Structures are given as structure tokens and as C-alpha cells.
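Student: I would like to learn how to read the features of a structure one at a time. Could we look at it together, beginning with a single residue?

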Amino acid sequence: MSHRFRSTALALVLVTQTHLTGLAQSVAASAVDYGRDIRPLFKERCVTCHGAVKQKGKLRLDAGALILKGGENRVVAPGDSRHSDLLVRITSDDKDERMPPEGKRLSPEQIELVRQWVDAGAKYPAEEKIPKAPADHWAFQPVVRTVTFAGNDASAVTAYTQLRTEHSNNFVTFLTGGGASASSPYFAIPESRLSPGEVQSVGASTVPAGNVVRSAAVFFRSPEDRTLTFGAMPSAPELRLVSATPTARLRAHFAMQADYDRYTSINYQQGQNTVVSLSMSQAYATLAPGGYDLVIPELTGVTGFDPRWALHTGTQLLWTSARIGGSLASNYYTMPHEGDVSRAASDAGFITP
Ligand code: HEC
């Protein structure tokens, strides 16, 4: 009796097997699992085009919720693989339709896994994290605060934010559009994202009149609403010829201005190839009776001096001046600190000595 029962059971199993493909049976051996079977497959074969970076057909396949959401169309009908475009695509023989569009097609086993996953309701763990797009990275998500301009007139202001790191003198700069308004939004990095010792700054520049450019910056770690105060209009340098021979030597005298007391420089360019630059620091200017009094020295006679390096009379030259003030040391390599401010003004003009 028991023997007969056993053989009947065996016969049943055999019948069933002839109706199933060997393939389906091997897959059926254990229920398809999204995390084990589907996610790694799509990650390997689909996500370069359907993931956080690229979304061909507006479709992402890197999270269950997004697969079900679909792209331009719904691509999965849970429980019904025959009406799921996802299956149409991976089984298609039409090369304009087939997915992935390049490389080898999915194997019959892989297709079967997808089919069974869909037919079983396209389930995925509710807690699955949706991978973030690179554009969601914090570096692309600066905080926005307001910078208010003081000491400005009606001229347009361009604001910019910079990051100054300890280990490099490189700046990362965000520009905020120019405009004549009294304030502007500015972009900054959340303080929690800065390394110790790093500072950022918001700066702005304005062109109030003629060739004058004024700029101001404030350094800080924590982005807050800030006020930037531009320095006064720089007074134009008094330019005078000190001697005409053997070389033309000019004197540039700058009135003392508290807003620009740290550093002053002047640059002369005559023709294409001759540039003469002079600069003076605050320490020097306070020692000299004339303050910021920049006189080109007579260098003829200095060994190796080439007279072509000197200016000469009778030809127009372009001068440009720069003045710097504020709490920041003029030495470029000094790291600014929280609360440091810098102010600068430049000017330019033509003169024929
Ligand atoms: C090399 C890039 C590339 C890869 C890899 C790729 N696809 Fe696509 N896919 C596309 C492009 C392009 C489209 C949009 C054009 C179209 O519909 O054919 C698309 C569209 C689709 C659509 C239709 C979307 C809709 O909303 O109608 C589905 C479904 C799809 N892909 C599934 C897959 C699957 C599944 C894989 C991996 C097995 C895959 N794709 C791999 C490029 C790719």
C-alpha cells in the first residue's frame, strides 16, 4: 500500500517536469529576491544609462521604487510580466527596442529572474535607499545667504564667494550675478563642511566711475547674512616727472587714505614691452616723510641694467594703481582669519611724460 502511494507521487513529479522548462524549474527552486537577483543585475547592465547620473528615457532602474515609477512610460505592471514594457525590452529581437541597446543581451536565466520578479508583484524592500544624484551632493548644494553692500553708489556690483584652504592657495569661486541693488544673495559652503583652518569669503567689486574699481571682502567660516563695506573713492595719484634723462623717472604720490593704508602699487606700461612697477607696504610708507610716495629710481649704471627697460619721455604710457586696506595682511600667503576684511581700489589712466 505504501509502496503504491510512493510511485504515484513519483509519476506526478515526472509529469510536472516535462511541462516546465528546466530553466524555469531551476529559477523556481528558490523565490526570486530583489536584493539578491534583480538589483545587482540592473546595476551591472542597466544603471550606467538608467541611474542617478543618466536617466535615458527618464527611467531609473537603481531602486525598486524608481523601477515601479517608470520613465516616459510605466514599465512594470506588478504581477503581469506580459504587459510590462521592461520584459518587452529585455526580450525584444528588434535592436531599436532591445535593452541593453549595446553589448550582449541578458541571458535566458536573467530574463527569467526579471519575469518572475515582476510576476511575483515586483516587490522590493521598503527601506531601500534611493541613490543620490551627483547634483544632490553637498558641494552642489551651497547655502544661500544675503550680502548687503555699504559705501556703494548706484553702480552695479558683482559678488563672489571663495574658499581659501590651508594647504593650497587655490580658490574655488562662485559668482553671483551683477546688479545695482543694495544686496545680493551669495552662495557659501555650510560650516560643517569646512576643514579646520579653512575659511571662505564673500567679496564684491564695483566700478563706480571712470577706471576706478573698488572691491571688498569679508572672511568667515559660518555663512550668515553679511554686510560688505566698500572703501572710499580712491584719490587719484599725483603723477610728476622727476627727471627726463638718462631715463624718464616718475613720481606717484598717493594721499593717505585710512581705507587703503596697507599697500599701494603703481604700474607703468609704455609700448608693448616696457613695464615698470613699484609698490610700497604700510611699514615703509609710515617711515617715509611723504607717505605713499613711489619714485622710480635711476638704475642706469646698475650692472646688467638694460636701458630698454626704462621709460622715456614723449610717448604716452598707461598707468594702473592699486591700493589695499583692511585687516588682512597684504602677504598673499598669510591665511585669513574669521572676521578679516579686505578693501581694495584700483585706478588707471594715460599720461605722456
Ligand atoms: C547604453 C545605454 C543603455 C543601457 C545600458 C540600458 N538602456 Fe534602457 N534605454 C536607453 C535609452 C537611450 C532609452 C530611451 C530610448 C528608448 O526608449 O529606446 C532607454 C529606454 C528604456 C526603457 C523604456 C523607458 C520608458 O519609459 O519607456 C526601458 C524599460 C529600458 N530602457 C530598460 C532597460 C534595462 C532593463 C536595461 C538593462 C538590462 C537597460 N535599459 C539598459 C539606454 C540604455
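Tutor: Let us begin with alanine 122, and keep in mind throughout that this is a predicted model. Alanine 122 is buried, because 21 other C-beta atoms lie within 10 Å, and a residue counts as buried if that number is 20 or more.

Student: Where does alanine 122 lie, and what is its phi?

Tutor: The general idea is that most residues other than glycine have a negative phi. Alanine 122, in the loop between helix 6 and strand 1 (143–150), has a positive phi of about 50° although it is not a glycine. Lysine 58, which lies in the loop between helix 3 and helix 4 (64–69), also departs from that rule, with a positive phi of about 60°. Lysine 58 counts as exposed, because it has 11 C-beta neighbours inside 10 Å.

Student: Which peptide bonds should I look at for a cis form?

Tutor: In general, most peptide bonds are trans. Here a cis peptide bond joins methionine 99 and proline 100, with omega about -10°, and proline 100 lies in the loop between helix 5 and helix 6. The bond from threonine 245 to proline 246 is cis as well, with omega near -5°, and proline 246 is placed in the loop between strand 8 and strand 9.

Student: How should I read a helix, and which residues of helix 3 are buried?

Tutor: An α-helix has 3.6 residues a turn, so residues three or four places apart point the same way. In helix 3 (residues 34–45), the buried residues are Asp37, Ile38, Arg39, Leu41 and Phe42. Seen down the axis of helix 3, these buried residues fall within an arc of 165°, so they line one face of the helix. They pack against helix 6 (108–119), while on the other side of helix 3 Gly35, Arg36, Pro40 and Glu44 are exposed.

Student: And how do I read a sheet: in which order do the strands 8, 9 and 12 come?

Tutor: Strands of a sheet pair through backbone hydrogen bonds, either parallel or antiparallel. Here 3 strands form an open sheet in the order 8-9-12, and the pairing is antiparallel. Strand 8 (238–243) and strand 12 (292–295) are the edge strands, since each pairs on one side only. The twist averages 20° from one strand to the next. Strand 9 (residues 249–254) pairs with strand 12 over 4 bridges, and phenylalanine 254 stands opposite tyrosine 292 in strand 12.

Notes. Residues are numbered from 1 along each chain as its sequence is written. This is a predicted model: local features need pLDDT of at least 70, side-chain atom pairs count only at pLDDT 80 or more; totals for chains, interfaces and linings use all residues. A residue is buried if 20 or more other C-beta atoms lie within 10 Å of its own, exposed if 12 or fewer, and partly exposed in between; C-beta atoms are placed from the backbone. Helices (H or I, at least four residues) and strands (E, at least two) are DSSP runs, numbered from the N terminus. The arc is that of the directions from the helix axis to the C-beta atoms. Two residues are in contact if their C-beta atoms, placed from the backbone, lie within 7 Å. Two strands pair if DSSP finds at least two bridges between them. Axes are lines fitted to C-alpha atoms, for helices over the stretch in contact, and angles run from 0 to 180 degrees between N-to-C directions.
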